[in-house]
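Q: Hi, I'm new to this one. Can you walk me through it?
A: Sure, have a look at it here.

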Amino acid sequence: MSDFDAAIVGAGVVGLAAAYALARRGQNVVVLEREALIGAGVSSRNSEVVHAGLYYPTGSLKARLCVQGRRALYAFAAAHGVAYEQCGKLVVATSESEIPALETIAKQAEINGVEGVRAISGDQARAIEPGLNAAAALDVAVSGLVDSARLYVRAARRDRSPWRRDRLQRPVRGPKATPRASWCGWAMPTARASPRAGW
Ligand SMILES: Cc1cc2nc3c(=O)[nH]c(=O)nc-3n(C[C@H](O)[C@H](O)[C@H](O)COP(=O)(O)OP(=O)(O)OC[C@H]3O[C@@H](n4cnc5c(N)ncnc54)[C@H](O)[C@@H]3O)c2cc1C
């Protein structure tokens, strides 16, 4: 028998979101993090922008997951008391010569299934944001901001394992596949313990 159904290395936003999704399905998950805090890696340095998914290539995982993830992120934030603001953003053509590029972005956004993208004139853009140098713009209603630190705390709250308070400062040094007669999975060696997990 494994100690956990799944072990996740790294309590960044990706690891925490994966752990949250697995825990919701009833899986017993442990997240092992080498730093003293969750979200202390790249996730602590992000700009807290919730991206719309305008630019990613057609059919790419990024295109699909950015749109799905954005919707899921707003829903999670609303349900769990994480501050967010769907304030929208303007993508601006600063001269007539940039308008074809703006149209290309609008087409890609439509292909990617990004809702709420509206082509507007320079005057309309200035009505939203005075002082803009805009020949035209895209008004992207679904872009926004989120309190990422609170997001990580709320996602981690789902982890109810006995390891919950003991999972930090646990650098994993080379997970080892451990096939056994009765069980096949992974041992996750850390300096202080080696929890085992099925995945
Ligand atoms: C300047 C900047 C601005 C950004 N702005 C935005 C933005 O506005 N919006 C947006 O959506 N994205 C933004 N991003 C991108 C976003 O921050 C990253 O895509 C995201 O944080 C990556 O999360 P992660 O969980 O994959 O990685 P990380 O947050 O780095 O998590 C990985 C974790 O694994 C841990 N770890 C690594 N090895 C081990 C080990 N052996 N044992 C135990 N733990 C280990 C690390 O300590 C770390 O905590 C930005 C990125 C940067 C750099």
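Q: Which residues come nearest the ligand?
A: Gly10, Gly12, Gly41, Ser43 and Asn46 come nearest, out of 23 residues around the ligand. A residue counts as near a molecule if its C-beta atom, placed from the backbone, lies within 6 Å of it.

Q: Before going on, what kind of model is this?
A: A predicted model, where local features need pLDDT of at least 70, side-chain atom pairs count only at pLDDT 80 or more, and totals for chains, interfaces and linings use all residues. Residues are numbered from 1 along each chain as its sequence is written.

Q: Back to the ligand. Which helix gives the most to the shell around it?
A: Helix α1, residues 13-24, with three residues. Helices (H or I, at least four residues) and strands (E, at least two) are DSSP runs, numbered from the N terminus.

Q: And how do the residues of that shell divide?
A: Into 10 nonpolar, eight polar and five charged. Ala, Val, Leu, Ile, Met, Phe, Trp, Tyr, Cys and Pro count as nonpolar, Asp, Glu, Lys and Arg as charged, and the others, Gly among them, as polar.

Q: New topic. Which residues touch the most other members in the largest nonpolar core?
A: Ala7, Leu16, Val29 and Val31, in a core of 27 residues. Such a core is a set of buried Ala, Val, Leu, Ile, Met, Phe, Trp, Tyr and Cys residues joined through C-beta atoms within 7 Å. Helix α1 gives the most to this core, with five residues.

Q: Why does this core lie between the two domains?
A: Because domain 1 (1-48 + 147-199) and domain 2 (49-145) both give residues to it. The domain bounds come from an automatic or database domain assignment.

Q: What is Leu16 in contact with?
A: Leaving aside neighbours within four places in sequence, Leu16 is in contact with Ala11, Val31, Ile38, Tyr152, Ala155 and Ala156. Contact puts the two C-beta atoms, placed from the backbone, within 7 Å.

Q: Now Gln68. Where is it found?
A: In helix α2, residues 61-80.

Q: Is Gln68 buried or exposed?
A: Exposed, because 12 other C-beta atoms lie within 10 Å. With C-beta atoms placed from the backbone, 20 or more others within 10 Å make a residue buried, 12 or fewer exposed, and in between partly exposed.

Q: How much of the protein chain is buried?
A: 32% of its 199 residues count as buried.

Q: And how many helices and strands are there?
A: The protein chain comes to five helices and 11 strands.
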